[in-house]
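Subject: Structure for your review

Dear colleague,

Please find below the structure that I am handing over to you. I would be grateful if you could read the notes that come after it with the coordinates open.

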Amino acid sequence: MPELPEVETVRRGLERLVVGKDIISTEVRWDRIISGMDPELFNKALSGKKIESIGRRGKYLIFNFSDDLSMVSHLRMEGAYYTAPAGTEPGKHDLVTFHLNDGVDLFYRDTRKFGRMVLTDSDKVMQVNGLASIGPEPTESSLTLEYMLDEFKHSRMRLKPFLLDQKHIAGLGNIYVDETLWQSKLHPKTPANLVTPEEMAILRENIITELAYATEHHGTTVHSFTNAFGEAGSFQNELKVYGRVGQPCLRCGTPLEKIKVAQRGTTFCPHCQVEKH
DNA sequence: GAAGAAACCTGCACGC
DNA sequence: TGCGTGCAGGTTTCTT
């Protein structure tokens with residue numbers, strides 16, 4: 001399940017593999033992957049375009065093509081890109097193929113068909129659904145303590161769904177929310193406006209550090225995530241709570257518990273992370 | 001307007 | 001062995 005570190009890992013891989021190449025044509029095998037556009041128009045618009053650069057904002061990949069055209073791609077749960085020699089037969093879950101000019105095909109694979117691609121003018125990328133209201137990147141310079149204090153104090157939403165909402169902070173998903181809340185000793189059901197300034201400073205530092213560290217380790221491989229080279233990340237070996245339900249908390253030894261918060265499986269330590277009301 | 005729930009999807013684990 | 005059920009989860013859309 002790609003979160004920010006996984007998407008950045010994919011971006012770096014694609015940058016090495018496909019930037020500078022031309023698209024000859026595309027094949028779409030699941031129409032709904034292309035949001036708001038007929039697949040034939042998608043193919044027509046992309047044919048002959050050069051892939052000039054690949055950017056990222058939060059969990060969104062942004063392909064920039066020649067003639068000021070861009071494509072916003074969200075991998076959602078299990079989306080993945082990989083390249084293969086031209087003529088390679090697409091697999092069952094290869095939903096889109098980009099035929100490139102140097103004997104290479106770029107495949108988009110998505111087992112659950114949750115991913116979406118949107119073609120748009122390059123100057124309208126930030127108007128695409130999801131990007132229009134996205135919060136700051138979790139970095140020292142973008143995610144300031146002042147911003148967090150101001151953003152959190154207006155909401156009684158529980159921390160788990162609050163942090164998952166990309167409007168507040170870009171890039172966090174289920175795994176890293178559980179990890180950073182555990183590190184910060186905050187209960188996932190605590191309302192956002194009850195986090196003290198001292199706790200907020202710790203939470204901020206943990207979010208920034210955790211995502212940077214996970215990116216260094218090429219992300220977390222829990223289900224099917226691999227980068228554009230088909231390589232798995234290694235950060236799953238660093239997880240302290242996610243996937244460790246029933247095992248002892250690494251801080252206090254209490255067995256970790258799993259609950260549902262806002263429809264999301266949530267693992268936490270009932271001793272270290274005390275709920276506030 | 002805010003918050004919660006359902007829907008989108010498929011593979012897998014589990015129970016019978 | 002085979003079938004039915006529940007679960008996993010990011011985002012959008014619908015409902016309260």
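The notes below set out what was found, beginning with the DNA strands and ending with individual residues. Please bear in mind throughout that this is a predicted model.

DNA strand B

DNA strand B is surrounded by 13 residues, and the closest of them are Arg32, His93, Thr111, Lys113 and Gln263. Of the atoms of this strand that come within 4 Å of the protein, 59% are accounted for by sugar and phosphate. By class, the surface near DNA strand B comprises six charged, four polar and three nonpolar residues.

Polar contacts to this strand reach both bases and phosphate. The side chain of Gln263 places an N or O atom 3.0 Å from a base nitrogen of DNA strand B. Arg112 has a side-chain N or O atom 3.4 Å from a base oxygen of the strand. In the case of Ser155, the partner is a phosphate oxygen of DNA strand B, which lies 3.4 Å from a polar side-chain atom.

DNA strand C

Around DNA strand C there are 18 residues, of which His74, Met77, Arg112, Tyr242 and Arg264 come nearest. Sugar or phosphate supplies 59% of the atoms of DNA strand C that lie within 4 Å of the protein, and bases supply the rest. The surface near this strand divides into seven charged, six polar and five nonpolar residues.

Three lysines make polar contacts with phosphate oxygens of DNA strand C. The side chain of Lys260 has an N or O atom 2.9 Å from a phosphate oxygen. For Lys258, the corresponding distance from a side-chain N or O atom is 3.2 Å, and a polar side-chain atom of Lys59 also lies 3.2 Å from a phosphate oxygen. The elements that contribute two or more residues to the surface near DNA strand C are β9 (257-261) and β10 (264-268).

Annotated domains

Two UniProt annotations, both from an unreviewed entry, bear on these regions. UniProt lists "domain: Formamidopyrimidine-DNA glycosylase catalytic" at residues 2-115. In the model, that span is 20% helix and 39% strand, with its end C-alpha atoms 11 Å apart. UniProt also places "domain: FPG-type" at residues 240-274. Over residues 240-274 the chain is 29% strand and 0% helix, and the end C-alpha atoms are separated by 17 Å.

Cysteines

How many disulfides does the count come to? The count is zero. The cysteine sulfur nearest to that of Cys252 belongs to Cys269, at 3.6 Å, and Cys252 is in no disulfide. Cys272 is likewise in no disulfide, and its nearest cysteine sulfur, again that of Cys269, is 3.7 Å away. Cys252 has 33% relative accessibility and therefore counts as partly exposed, whereas Cys272, at 15%, counts as buried.

Helix α1

Helix α1 covers residues 4-18 and has 15 residues. From its first C-alpha to its last it reaches 21 Å, close to the 21 Å expected at 1.5 Å a residue. Because 11 of its 15 residues are buried, α1 is largely enclosed by the rest of the structure. The buried residues include Leu4, Val7, Val10, Leu14 and Val18, and also Glu6, Glu8 and Arg11. Just after α1, Gly20 adopts a positive phi of about 95 degrees.

Individual residues

Two residues deserve a look for their backbone geometry, since most residues other than glycine have a negative phi. Asp68, which is not a glycine, has a positive phi of about 55 degrees. Asp68 sits in the loop between β3 (60-65) and β4 (69-74) and is exposed, with a relative accessible area of 59%. Lys113, also not a glycine, has a positive phi of about 60 degrees. Lys113 belongs to the loop between β7 (104-109) and β8 (116-121) and is partly exposed, at a relative accessible area of 29%. As noted above, Lys113 is among the residues closest to DNA strand B.

Finally, His168 is found in the loop between α4 (159-164) and α5 (174-183). With 10% relative accessibility, His168 counts as buried. A polar atom of the His168 side chain lies 2.9 Å from the backbone oxygen of Phe162.

With kind regards

Key: Residues are numbered from 1 along each chain as its sequence is written. Chains are lettered from A and ligands numbered from 1 in the order in which they are written. This is a predicted model: local features need pLDDT of at least 70, side-chain atom pairs count only at pLDDT 80 or more; totals for chains, interfaces and linings use all residues. Side-chain values use heavy atoms; hydrogens and water are left out. A residue is near a molecule or strand if one of its heavy atoms lies within 4 Å of it. A polar contact is a pair of N or O atoms within 3.5 Å; within protein, one must be able to donate a hydrogen and the other to accept it, and residues adjacent in sequence count only if both atoms are side-chain atoms. Ala, Val, Leu, Ile, Met, Phe, Trp, Tyr, Cys and Pro count as nonpolar, Asp, Glu, Lys and Arg as charged, and the others, Gly among them, as polar. Helices (H or I, at least four residues) and strands (E, at least two) are DSSP runs, numbered from the N terminus. The expected span of a helix is 1.5 Å times one less than its number of residues. Buried means under 20% relative accessible area, exposed over 50%, partly exposed in between (1.4 Å probe, protein chains only). A disulfide is a pair of cysteine sulfur atoms within 2.5 Å. UniProt positions are given in the numbering used here, feature names are shortened, and annotations may be inferred rather than shown by experiment.
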